[in-house]
Amino acid sequence: MVRSVENGGGAVEILPDHFDPTAVVPEPLPKVVESDAELVNGKSNGDREIVLGRNVHTTCLEVTEPDADDDFTGDKDAFMASVLARYRKSLLERTKHHLGYPYNLDFDYGALAQLQHFSINNLGDPFIESNYGVHSRQFEVGVLDWFARLWEIEKDEYWGYITNCGTEGNLHGILVGREVFPDGILYASRETHYSVFKAARMYRMECVKVDTLVSGEIDCADFKVKLLAHKDKPAIINVNIGTTVKGAVDDLDLVIQTLEESGFTHDRFYIHCDGALFGLMMPFVKRAPKVSFKKPIGSVSVSGHKFVGCPMPCGVQITRLEHINALSRDVEYLASRDATIMGSRNGHAPIFLWYTLNRKGYKGFQKEVQKCLRNAHYLKDRLLDAGISAMLNELSSTVVFERPWDEEFVRRWQLACQGNIAHVVVMPNVTIDKLDDFLNELVEKRSTWYQDGKVKPPCIATEVGSENCLCTLHK
């Protein structure tokens with residue numbers, strides 16, 4: 001029997017006697033999208049249907065006012081504890097079936113639990129202490145110095161900060177480029193992360209999209225054509241160190257060469273390197289090209305919650321110190337300066353990053369990168385052996401393959417999809433056993449999806465190249 005307490009706007013449900021706090025509450029699946037038509041006011045505009053909120057309002061946890069009665073308050077605390085226990089159980093289940101997004105879910109930060117009672121805020125410039133004393137700048141600058149060594153720039157030549165996410169790193173890098181060249185044109189490949197195009201809209205910058213190769217890498221022949229068409233204006237270029245969908249790495253050296261061949265001297269271009277995921281993996285891949293400030297680049301950003309593995313979104317942004325004065329402003333209220341995008345910044349994130357960097361170091365990351373690449377090749381080979389179209393770029397742990405026919409299967413394994421393709425991002429927490437479970441289930445499901453021949457696997461030759469496509473036309 002369920003007991004309840006009247007509480008202002010309604011009753012607060014208290015634990016029933018038979019309540020099981022470890023039971024998994026199945027997460028509702030969104031409505032299956034069967035066509036590419038989106039209904040707006042009852043009319044189709046030809047795009048995929050958007051399921052607003054993914055029905056979360058049917059399962060949201062209502063906030064109710066606490067009761068003044070201590071006995072009832074104790075009951076409510078027990079109720080909330082049981083809800084959190086069930087939520088934790090569901091997180092364990094969703095983590096077990098997580099493959100499509102580039103997050104390393106293998107970490108243990110139990111030693112940092114002692115800090116959760118503090119409001120740690122790194123207001124303003126990380127190199128200038130403010131009047132707010134509950135900060136973690138000493139950890140933040142230590143992390144920044146580690147990344148400065150990785151990207152080969154001296155301590156007295158760089159400026160940077162721990163961002164709240166990878167998008168903030170891109171927003172800051174593009175902003176620095178815009179401040180250095182106020183009339184510059186932003187160039188980015190068509191497979192660039194949407195945050196770069198968001199930056200162009202926010203800053204009202206002219207943006208030119210550059211074509212890509214089948215791999216997803218920027219097409220420097222098309223880049224050169226577009227540079228020559230705008231020779232009168234400086235160039236601000238976003239270089240991808242791992243694209244979102246295919247994990248393609250733009251050839252930084254070829255981009256620089258193309259700029260020089262097009263008549264752009266080093267004082268007429270600014271390069272931001274978006275290394276969200278692979279920017280931290282590539283330095284540990286043998287024979288991989290280097291991202292280095294010894295080359296004429298302006299900034300680099302990576303995400304901290306992806307390959308590193310942090311429990312909260314965060315990132316690292318580093319630029320040349322000479323560029324930052326155009327952005328910095330004195331803030332009397334803080335008794336500091338600020339050149340960041342956000343004002344308040346998560347002071348816990350630098351501690352989590354510092355803790356991981358100290359535990360793993362360069363050698364630890366190298367081992368994890370090798371494991372990810374090895375497991376990615378295993379997945380790609382098994383997909384092809386099973387007759388499933390698949391592609392893996394040389395400098396990547398992102399395996400691209402045909403989009404599964406069943407959207408419920410896509411949601412179950414949390415796959416990221418675009419058009420007819422999906423991908424699995426092999427992170428340190430993705431084991432061979434997990435890949436085998438996924439592959440066995442996918443092969444079993446495909447045998448039912450396509451058994452009558454009415455529905456056929458999609459042709460993805462355009463996306464991955466005919467040599468990687470195993471549809472009826474190309475195998």
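A residue counts as buried when its relative accessible area is under 20%, as exposed when that area is over 50%, and as partly exposed in between. This tour of a predicted model applies that scale from its opening stop onward.

**Opening stop: two cysteines**

Select C220. Its relative accessibility is 9%, so C220 counts as buried. Select C372 next: at 0% relative accessibility, C372 is buried as well. How many disulfides does the structure hold? The structure holds zero disulfides.

**The whole chain**

Now show the entire chain. Eleven helices and 17 strands are found in it. Of its 475 residues, 50% count as buried. Among contacts between residues at least 6 apart in sequence, 69% join residues at least 24 apart.

Colour the chain by pLDDT. The average is 87, and 85% of the residues score at least 70. Two stretches deserve caution on this colouring. Over residues 1-5 the pLDDT stays under 50, and the model gives this stretch 19 contacts beyond four places in sequence. Over residues 29-46 the pLDDT is likewise below 50, and the model has 31 contacts for this stretch beyond near neighbours in sequence.

**Strand β6**

Select residues 185-189, which form strand β6. Why is β6 described as largely enclosed by the rest of the structure? The description holds because five of the five residues of β6 are buried. Display the side chains to see the two faces. In a regular strand the side chains alternate between the two faces of the sheet. In β6, I185, Y187 and S189 lie on one side, L186 and A188 lie on the other, and all are buried.

**From β6 to β7**

Add residues 207-210, which make up strand β7. Strands β6 and β7 run parallel and are joined by four bridges. To find one place where they pair, select A188, which stands opposite K209 in β7. Then follow the chain from β6 to β7: it passes through helix α4, residues 194-202, in a right-handed β-α-β crossover.

**From β6 to β8**

Return to β6 and add residues 235-240, strand β8. Strands β6 and β8 also run parallel, with three bridges between them. Two residues of β6 serve as markers for this pairing. I185 has A235 of β8 as its bridge partner, and L186 stands opposite I236 in β8.

Remain on β8 and show its side chains. This strand is mostly covered, with six of its six residues buried. Which residues point each way from β8? A235, I237 and V239 point one way, whereas I236, N238 and N240 point the other way, and all are buried.

**From β8 to β9**

Next, select residues 269-274, strand β9. Six bridges join β8 to β9, and the two strands run parallel. Within this pairing, select N240, whose bridge partner in β9 is D274. Between β8 and β9 the chain crosses through helix α6, residues 252-261, and this β-α-β crossover is right-handed.

**Strand β10 and S299**

Move to residues 299-303, strand β10, and select S299 within it. The relative accessible area of S299 is 0%, so S299 is buried. Display the side chain of H272 beside it: a polar contact of 2.8 Å joins the side chains of S299 and H272. Leaving aside neighbours within four places in sequence, the contacts of S299 also include Y270, I271 and C273. Further contacts of S299 include G173, F293, Q317, I318 and T319.

**Final stop: helix α8**

Finish at helix α8, residues 348-385, where D381 is found. K380 lies in this helix too. Are these two residues buried or partly exposed? K380, at 18% relative accessibility, counts as buried, whereas D381, at 37%, counts as partly exposed. Their side chains are joined by a polar contact of 3.3 Å.

Now bring the segment that follows into view. Not counting residues up to four places away in sequence, K380 touches A390, M391, L392 and V399. To end the tour, select the C-alpha atoms of D381 and M391: these residues are ten apart along the chain, and the two atoms are separated by 9.3 Å.

Definitions and conventions: Residues are numbered from 1 along each chain as its sequence is written. This is a predicted model: local features need pLDDT of at least 70, side-chain atom pairs count only at pLDDT 80 or more; totals for chains, interfaces and linings use all residues. Side-chain values use heavy atoms; hydrogens and water are left out. pLDDT is the predictor's confidence in each residue, from 0 to 100. Contact means heavy atoms within 4.5 Å. A disulfide is a pair of cysteine sulfur atoms within 2.5 Å. Buried means under 20% relative accessible area, exposed over 50%, partly exposed in between (1.4 Å probe, protein chains only). A polar contact is a pair of N or O atoms within 3.5 Å; within protein, one must be able to donate a hydrogen and the other to accept it, and residues adjacent in sequence count only if both atoms are side-chain atoms. Two strands pair if DSSP finds at least two bridges between them. A crossover is right-handed if, with the strands pointing away from the viewer, the path from the first strand over the helix to the second runs clockwise.
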